[in-house]
Amino acid sequence: MAEFIRFDQLTKFYGSVGVVEQLDLGIEKGEFVSLLGPSGSGKTTLLMMLAGFTQPTSGKILVDGKAINAVPTHKRGIGVVFQNYALFPHMSVGENIAFPLQMRGVGKVEISERVAKALDMVQLSAMRDRKPSQLSGGQQQRVALARALVFEPGVVLMDEPLGALDKQLREQMQLDIRALHKRLGLTIVFVTHDQSEALTMSDRIAVFNKGRIEQIGTPRAIYDEPQTRFVAEFIGETNLIEGIVERMEGRNALVRLHDGQLVTAASTAQFNTGKKVFLSVRPERIELGTETTGDNHFKTSVLDSVYQGDHLRVQLDERAHNFVARLDRKAQEWQAGTNVSACFSAADCWTIAA
Ligand code: ADP
Ligand code: MG
């Protein structure tokens, strides 16, 4: 796949505040890339610069190898979907979807055909003559999607498009958008602050923090091999402990904890002896039992155990660094006060430079 979009040292300042700073990122044709990060980390600003609504302070944006900094929005071939739909209330559904085509001077007959096709794509053919106010939130968002797709843009930008929908509808729309992405071969840049949404939908996730990309990678790489403490804590839940590298053994790091215990952890980096690191262990990778198994184990006891429907959430005492374990709901119910061994393999304990 060829690189399609390239941000080259892209920077945006508002006054003296850098909201996007020297950002480098390449996106391939047909790729689904999510920008994931906390509120205020610069995700929308980056999207607005790509769409042409905001001018960069410095740096370049290339599409298909050509700088587009000076190209006006409507000539960039980019469709945009916002959280608040931004439909025209006085226009019918059909007229809303026709609007981008009228703007581009497409003829009447062709407009009618393409609107019908776009409506079919989002399964709203029966709603063509309704006003947006006569539709549900999910239907309105599908109209917005159809309007962004109707002129067959090469790139579709979506800024928290599902944020206003309730959970069930949001999850359905996630699958719908994914299916459209695959079927139409669209390049999609999708902004969200919802990590499970990003994990579900993306080919790659760029994790934003304070105007910079902390890490970019596949959902699996971001979840299993976070490169920074921020990424480990932002994506999913994790148990973090600090330690000092004793030595490397192949791709494992032997790490001494403050209480003297030695832990074997996975690492793709080679750390020097004495290096301070964090270890990240996901709650679902911890096993509890009466036997000690696996590469690492702590003799500990259960502080608290909460039934959460699909899983059991168990908090361990300080001998296991107050780790939280997430267990299958069918596991025996570990009562508070029970003595247990908490075990996890080296592969499930990830080393991060401190
Ligand atoms: P996100 O989408 O990740 O929540 P934004 O890109 O919207 O973040 O905003 C990043 C930062 O830039 C925020 O601190 C925000 O207050 C600031 N910002 C955004 N737009 C403007 C503007 N037009 N003028 C001044 N500051 C802005
Ligand atoms: Mg935003």
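This is a short walk through the model, stop by stop, with something to select at each one.

**Before you start**

You're looking at a predicted model, where local features need pLDDT of at least 70 and side-chain atom pairs count only at pLDDT 80 or more, while totals for chains, interfaces and linings use all residues. Residues are numbered from 1 along each chain as its sequence is written, chains are lettered from A and ligands numbered from 1 in the order in which they are written, and side-chain values use heavy atoms, with hydrogens and water left out.

**Stop 1: the whole protein**

Show everything as a cartoon. The C-alpha atoms fill a box of roughly 75 × 45 × 40 Å along the principal axes. The secondary structure comes to 8 helices and 20 strands; here helices (H or I, at least four residues) and strands (E, at least two) are DSSP runs, numbered from the N terminus.

Now switch on the surface. About 16900 Å² is exposed, and carbon and sulfur atoms supply 48% of that area; the areas come from the Shrake-Rupley method with a 1.4 Å probe, and for residues only the protein chains shown count as cover. Of the 354 residues, 48% count as buried. The cut-offs are under 20% relative accessible area for buried, over 50% for exposed, and partly exposed in between (1.4 Å probe, protein chains only).

For contacts, the cut-off is heavy atoms within 4.5 Å. Among contacts with a separation of 6 or more, residues 24 or more positions apart account for 65%.

**Stop 2: helix α2 and its two partners**

Select 93-103, which is α2, and add α3 at 108-121. The two helices pack at about 120°, with axes 9 Å apart. (Axes are lines fitted to C-alpha atoms, for helices over the stretch in contact, and angles run from 0 to 180 degrees between N-to-C directions.) That angle makes α2 oblique to α3; under 35 degrees would count as roughly parallel, over 145 as roughly antiparallel, 65 to 115 as roughly perpendicular, and the rest are oblique. The crossing of α2 and α3 is right-handed, a label used if the near helix is turned clockwise from the far one by less than a right angle, with anticlockwise giving left-handed.

Show side chains for V93, G94, I97, A98, L101 and Q102 on α2, and for I111, R114, V115, A118 and L119 on α3: these make the contact. They divide into 8 nonpolar, 2 polar and 1 charged. (Ala, Val, Leu, Ile, Met, Phe, Trp, Tyr, Cys and Pro count as nonpolar, Asp, Glu, Lys and Arg as charged, and the others, Gly among them, as polar.)

Next, add α4, residues 137-149. Here the angle with α2 is about 30° and the axes are 7 Å apart, which makes α2 roughly parallel to α4. This crossing is right-handed too. V93, N96, I97 and P100 of α2 touch V143, A146 and R147 of α4, a set of 5 nonpolar, 1 polar and 1 charged.

Which residues of α2 are buried? Colour V93, G94, N96, I97, A98, P100 and L101. What covers them includes α3 and α4. Just after α2, look at G105, whose phi is positive, near 75°.

**Stop 3: two positive phi values outside glycine**

Most residues other than glycine have a negative phi. Go to D64, in the loop between β4 (58-63) and β5 (66-67): its phi is positive, about 55°. At 45% relative accessibility, D64 is partly exposed.

Then pick E152, in the loop between α4 and β7 (155-159). Its phi is about 50°, again positive, and at 53% relative accessibility E152 counts as exposed.

**Stop 4: S341**

Is S341 buried or exposed? Centre on strand β19 (residues 339-344), where S341 is found. S341 counts as buried, at 2% relative accessibility. Leaving aside neighbours within four places in sequence, S341 contacts E287, L288, G289, T290, E291, T292, F298 and K299.

**Stop 5: Q261 and R229**

Keep F298 on screen and select Q261, in the loop between β12 (252-257) and β13 (262-266). The C-alpha atoms of Q261 and F298 are 9.1 Å apart, with their positions 37 residues apart along the chain. Beyond four places in sequence, Q261 contacts V255, R256, H297 and F298. Q261 is partly exposed, at 24%.

Finish at R229 in helix α8 (residues 229-234). R229 is partly exposed at 38%, and outside its four-place neighbourhood it contacts L240, F278 and I352.
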